[in-house]
Amino acid sequence: MASRNKIALIGAGQIGGTLALLCGLRNLGDVVLFDIVQDMPQGKALDLTHLAPVFGCDFSIKGTNNIADIAGANVCVVTSGLPRKPGMSRDDLVKTNAAIVKTVAEGIKQHAPGALVIVITNPLDAMTYMMQKVTGFPARMVLGMAGVLDTARYQAHLAEELKVSVKSVSAFVLGGHGDSMVPVRSFTTCNGVPVDKLIAPEKLEPIEKRVRNSGGEVVALLKTGSAFYSPAASAIQMVESYLFDQRRVLAAAVQSNGEYGLNKGVYLGLPIILGKNGVEKIVEIDLSAAEKEALAKSAKEVEAILPLLGV
Ligand code: TXD
């Protein structure tokens, strides 16, 4: 009899709560929703328990303020940390969120040593690097969610421009989760036709600029938080690829082993195969000279933050 998966959501805020909802609706396993705010995760868990019958979802969800309750989780998704406020850069969050992620990493190391860890907390690449350093888990088991979201944003705006289904657009956005992210036109297509054969550069450039700033655009509109529906959905795609060994090819913040000429050890958005062993492979695709240069620049921006982490 196969046992049900256990999914630990660390951080029960906007993204954490949405993750819990999606885990239930997609019947991914039993959920533990952890936060330091007293009783809040318990309240969200109870609310979701009341949702279950409406959609016929037989999943258990436990809200808790005790990190020990994540014990035995197959996967931990980490959203603990502060979101941006209007005018803030993701890097402005470094010091505060580094301290939070360090504490959380120690808890995961102690209570869920065999789990895959998907980090969402910003600044994403640096926080994922920190998670791997503090847990000491194999790099293949620690990755960050940003590339799936950035790629989805690119796909959404390209589909709008082309007036086609989002299902017809395949894209890749690599690099750091920030202004230096790299939309990879040579691997972005509409049913196999490269996007730069369908959209003129003077239209493509503003779309890519908008994708780079999509997080900030949502923050400016919400005023009291950042995007949460699409980040949560993006992380669920990664959770499913791991739990069900789907071996999806997707962009994720992973530890470089020198691919693309990057320094070993840096965490950056790269194309990977995600399966039951975590990062099964980092896929090396032929980037143009400009794309390679942009990726190297993005890596340097991430590396500049790492000394601030104190790990
Ligand atoms: O693509 C991406 N990776 C980004 C990530 C997309 C959007 C948002 N991005 C970042 O995710 C955002 O900048 C934040 O750093 C995280 C979480 O965003 P969210 O919108 O969920 O923030 P909330 O609603 O403030 O939730 C954060 C929760 C909150 O309930 C805190 O009480 C909790 O984190 N928190 C903790 N939980 C556990 N343990 C500790 N130590 C802790 N500290 C705070």
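**Reading the features of a predicted model**

Me: How far is the sulfur of C57 from the closest cysteine sulfur?

Reply: The closest one belongs to C23, 11 Å from the sulfur of C57, which is too far for a bond. This is a predicted model, where local features need pLDDT of at least 70 and side-chain atom pairs count only at pLDDT 80 or more, while totals for chains, interfaces and linings use all residues. Residues are numbered from 1 along each chain as its sequence is written, and side-chain values use heavy atoms, with hydrogens and water left out.

Me: How many disulfides does a search of the whole structure find?

Reply: A disulfide is a covalent bond between the sulfur atoms of two cysteines. Here the term is given to cysteine sulfur atoms within 2.5 Å of each other, and the search of the whole structure finds zero. For C23, too, the closest cysteine sulfur, in C57, is 11 Å away.

Me: Is C23 buried or exposed?

Reply: C23 is buried, with 1% relative accessible area (buried is under 20%, exposed over 50%, partly exposed in between, with a 1.4 Å probe and protein chains only). C57 is buried as well, at 11%.

Me: Where does T79 lie?

Reply: T79 is in the loop between β4 (75-78) and α3 (94-111); helices (H or I, at least four residues) and strands (E, at least two) are DSSP runs, numbered from the N terminus. At 15% relative accessibility, T79 counts as buried. A polar atom of its side chain is 3.2 Å from the backbone oxygen of G11. That is a polar contact: N or O atoms within 3.5 Å, where within protein one must be able to donate a hydrogen and the other to accept it, and residues adjacent in sequence count only if both atoms are side-chain atoms.

Me: Which residues is T79 in contact with, leaving aside its neighbours within four places in sequence?

Reply: Contact means heavy atoms within 4.5 Å. For T79 the partners are I10, G11, I15, G16, L19, I120 and T121. Sequence distance can also be set beside distance in space: T79 and G13 are 66 residues apart in the chain, with their C-alpha atoms 7.7 Å apart.

Me: Where is the place of T188?

Reply: T188 belongs to the loop between β9 (182-183) and β10 (189-190), and at 0% relative accessibility it counts as buried. Its side chain reaches the backbone oxygen of V184 at 2.7 Å. Not counting residues up to four places away in sequence, T188 touches several residues, among them Y154, L158 and F172.

Me: Which residues come nearest to the ligand?

Reply: Of the 29 residues around the ligand (those with a heavy atom within 4 Å of it), Q14, D35, L82, I120 and M145 come nearest. A backbone N or O atom of Q14 is 2.8 Å from a ligand oxygen, and one of L82 is 2.9 Å from a ligand oxygen. For I120, a backbone N or O atom lies 2.9 Å from a ligand nitrogen. Alone, the ligand exposes 860 Å², and the protein buries 90% of that (areas follow the Shrake-Rupley method with a 1.4 Å probe; for residues, only the protein chains shown count as cover).

Me: How many aromatic pairs does a search of the whole structure find?

Reply: It finds one aromatic pair. The ring centres of F228 and Y229 are 4.4 Å apart and the planes are at 45°, so the pair is tilted. By definition, Phe, Tyr and Trp rings (for Trp, its six-membered ring) pair if their centres lie within 6.5 Å; planes under 30 degrees apart are stacked, over 60 edge-to-face, and the rest tilted. F228 counts as buried at 15%, whereas Y229 counts as exposed at 60%.
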